[in-house]
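Hello,

I am passing this structure on to you. Please have a look at it first; my notes on the sheet follow below.

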Amino acid sequence: MISVELLKEKDDFKGFKIKGHANSNIYGKDIVCAAVSILSVTCVNTLDYYNEKFKFNDNGKIMELLILNPNKNTQVILKNFEIGILSLLENKEYSKYIVLNTMEV
């Protein structure tokens, strides 16, 4: 199962932590894992595109993103990430492989 943890400080997004694997299909054909991966990588690449300050680490077990200077742009980008994950959770087949939590930091 993939665990997605949104990091928030009050109402502001501060980042995310993702760990685990969906195991919804064999390696290379796991559409749930691919969907979460593309949402997270697109989020990081969009932050980079807009020159936002953040720390990012992906050691193969945990993917972590921490926003250093939250602002309107970072909030919109991370809200988009959240909406993407929530969209996956609306699918009864995919929701068996993902859990979403929010953590106050």
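**Notes on the sheet**

In this predicted model, 5 strands form an open sheet in the order β3-β4-β2-β1-β5, and the pairing is mixed. The edges are taken by β3 and β5 (98-104), each of which has a single partner strand, so one side of each has no neighbour in the sheet. From one strand to the next, the twist averages 15 degrees.

As background, strands of a sheet pair through backbone hydrogen bonds, either parallel or antiparallel.

Strand β4 (residues 62-67) is a good place to start reading. Strand β3 (residues 54-58) runs antiparallel to β4, and 5 bridges join the two. Within this pair, F54 stands opposite I67 of β4, and N57 has E64 of β4 as its bridge partner. The two strands make a hairpin with 3 residues between them. In its turn, G60 has a positive phi of about 90 degrees.

Strand β2 (residues 12-19) is also antiparallel to β4 and is joined to β4 by 5 bridges. Here F16 has L65 of β4 as its bridge partner, while K17 stands opposite E64 of β4.

The two faces of β4 can be listed as follows:

- covered: M63, L65 and I67
- uncovered: I62, E64 and L66

Lastly, the helix. Helix α2 (residues 72-90) lies across β1 (2-9), β2, β4 and β5. Relative to β2, helix α2 runs at about 45 degrees.

Regards

How values were computed:
Residues are numbered from 1 along each chain as its sequence is written. This is a predicted model: local features need pLDDT of at least 70, side-chain atom pairs count only at pLDDT 80 or more; totals for chains, interfaces and linings use all residues. Side-chain values use heavy atoms; hydrogens and water are left out. Two strands pair if DSSP finds at least two bridges between them. Helices (H or I, at least four residues) and strands (E, at least two) are DSSP runs, numbered from the N terminus. Axes are lines fitted to C-alpha atoms, for helices over the stretch in contact, and angles run from 0 to 180 degrees between N-to-C directions. Contact means heavy atoms within 4.5 Å. Buried means under 20% relative accessible area, exposed over 50%, partly exposed in between (1.4 Å probe, protein chains only).
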